[in-house]
Amino acid sequence: MMLVVLAVIVWCAGWWVNSRLANSPQSQTRLVQLLVPGIFGLTILLVWELLVRGLDVSLVILPAPSVIATRFAESLPILWADFMQTIVKGALSGYVIGCGAALLTAVAVDRSDFLRRGLLPVGNFVAALPIVGTAPILVMWFGFDWQSKAAVVVVMVFFPVLVNTVAGLRETDQMQRDLMQTYAASYWQSFFKLRLPAALPFIFNGLKIATTLALVGAIVAEFFGSPTVGMGFRISTSVGQLALDMVWAEILVAALAGSAFYGGMVLIEKTLTFWHPSQRG
């Protein structure tokens, strides 16, 4: 029970330090804003480690962070191969294809009232389809390699990006559009100088949503058929072997990749939409 008591002490100490930092005069500084989540994450890991060891929790139920770290370090070649198969080949390629197609389709929808009235309701219907229903079908259509996972990702990211982009392109008001017409601006001049910049916050909102959908779609699609490599394949087989430390190692890779993917998109958004009120300060 000493480890359990120590876990409670660590939690209280971390809570006290974070409270002091968050309420200090330096709370708005960059250093404190980085320290608070860092201390919180470190506290959770220490409490997790102490409780698992103090309560003698089985590896099958919940492995300790140290066990997961050891498995991660020992399985780097396997994890790298799974990362390349699932994230780079499946998720990233599907993300680029799906988002690119959605952006081009949004321009066509913006220019055609018929497409706007006919395609968007269908898009809402397709977006509501569960991945467990569409993934097996796409795997049978495109095979068991990464192409079928990319197809699942395309289906998952296409309509969220499409809907957000169409909404963004209609964000400008009538007075702004009339002003461009008084300047004798063509459709494409008005599009690139007025409507596209105004739509960027909406577009990036869809792109950020699509980052998580792409990772989830690629991993879940591998549950329904894949070669003997990939994060979804590794998770499903490791669960069957009760190797939960390997499962958590794959989860760690997915979390790191997803955070980096989302963070990169946020940085691009800050660079291109620095003028928007949401990016000020």
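## Core, pockets and selected residues of an all-helical model

Leu207 makes contact with Tyr95, Cys99, Val161 and Met265, when residues up to four places away in sequence are left out of the count. The model in which these contacts are found is a predicted one, and Leu207 is a suitable entry point to its interior, since the residue is named again in the description of the largest nonpolar core.

That core has 41 residues, of which Tyr95, Cys99, Val157, Leu162 and Leu207 touch the most other members. Two or more residues of this core come from each of helix 4 (76-111), helix 7, helix 9 (187-221), helix 10 (231-240) and helix 11, and the greatest contribution, 11 residues, is that of helix 9. Another core, of 8 residues, lies apart from the largest one and includes Ile131, Ala151, Val152 and Val220.

### The chain as a whole

The protein chain has 11 helices and 0 strands, so that from the N terminus on its elements read α-α-α-α-α-α-α-α-α-α-α. Its radius of gyration is 24 Å, well over the 19 Å that the globule rule gives for 281 residues, and the chain is therefore more spread out than a compact globule. Taken along the principal axes, the box filled by the C-alpha atoms is roughly 75 × 60 × 30 Å. Of the 281 residues, 40% count as buried, and among contacts between residues at least 6 apart in sequence, 72% join residues at least 24 apart.

### Two pockets

The two pockets are set side by side in the table, with the volume, the main contributor and the make-up of the lining for each.

| Pocket | Volume | Element giving the most lining residues | Lining residues by class |
|---|---|---|---|
| Largest pocket | about 230 Å³ | helix 11, 5 residues | 9 nonpolar, no polar, no charged |
| Second largest pocket | about 150 Å³ | helix 7, 3 residues | 8 nonpolar, 1 polar, no charged |

The lining of the largest pocket consists of Leu45, Trp48, Pro65, Ile68, Trp248, Ile251, Leu252, Ala255 and Leu256, and the elements that supply two or more of these residues are helix 2, helix 3 (65-74) and helix 11 (244-272). Leu45, one of the lining residues, belongs to helix 2 (residues 30-54). What is the relative accessible area of Leu45? The value is 42%, and Leu45 is therefore counted as partly exposed, since that class covers what falls between the limit for buried residues, under 20%, and the limit for exposed residues, over 50%. The C-alpha atom of Leu45 is separated by 9.3 Å from that of Ser66, which is 21 residues away along the chain.

The second largest pocket is lined by Val126, Ala127, Leu129, Ile131, Thr134, Val155, Met156, Pro160 and Leu213, with helix 5 (113-127), helix 6 (131-142) and helix 7 each providing at least two residues of that lining. Ile131 appears in this lining and also among the members of the core of 8 residues. Helix 7, for its part, gives the most to the lining of this pocket and is also one of the elements that give two or more residues to the largest nonpolar core.

### Two buried polar residues

Thr165 lies in helix 7 (residues 146-169) and has a relative accessible area of 3%, so the residue is classed as buried. Beyond the residues up to four places away in sequence, Thr165 touches Leu103, Ala106 and Ile203, and its C-alpha atom is 6.6 Å from that of Ala199, although the two residues are 34 apart in sequence.

Ser238, placed in helix 10, is likewise buried, with a relative accessible area of 3%. With residues up to four places away in sequence left out, Ser238 is in contact with Ala243, Met246 and Val247.

### Positive phi angles in two loops

Most residues other than glycine have a negative phi. Which sign does phi take in Asp56, a residue other than glycine? In Asp56 phi is positive, near 55 degrees; the residue lies in the loop between helix 2 and helix 3 and counts as exposed because its relative accessibility is 67%. Leu242, also not a glycine, has a positive phi of about 60 degrees, and this residue is found in the loop between helix 10 and helix 11.

Key. Residues numbered from 1 in each chain as written. Predicted model: local features only at pLDDT ≥ 70, side-chain atom pairs only at ≥ 80, totals over all residues. Heavy atoms only, no water. Helix = DSSP H or I, 4+ residues; strand = E, 2+ residues; numbered from the N terminus. Buried < 20%, exposed > 50% of the residue type's maximum accessible area, 1.4 Å probe, protein only. Contact = heavy atoms within 4.5 Å. 1 Å grid on protein atoms, 1.4 Å probe; cavity = no way out; pocket = protein on both sides within 12 Å on 5 of 7 lines; lining within 4 Å. Points joined across faces, edges and corners; volume = space filled by probe spheres on them. Nonpolar A, V, L, I, M, F, W, Y, C, P; charged D, E, K, R; others polar. Core = buried A, V, L, I, M, F, W, Y, C linked by side-chain atoms within 4.5 Å. Rg over C-alpha atoms; globule rule 2.2 N^0.38 Å.
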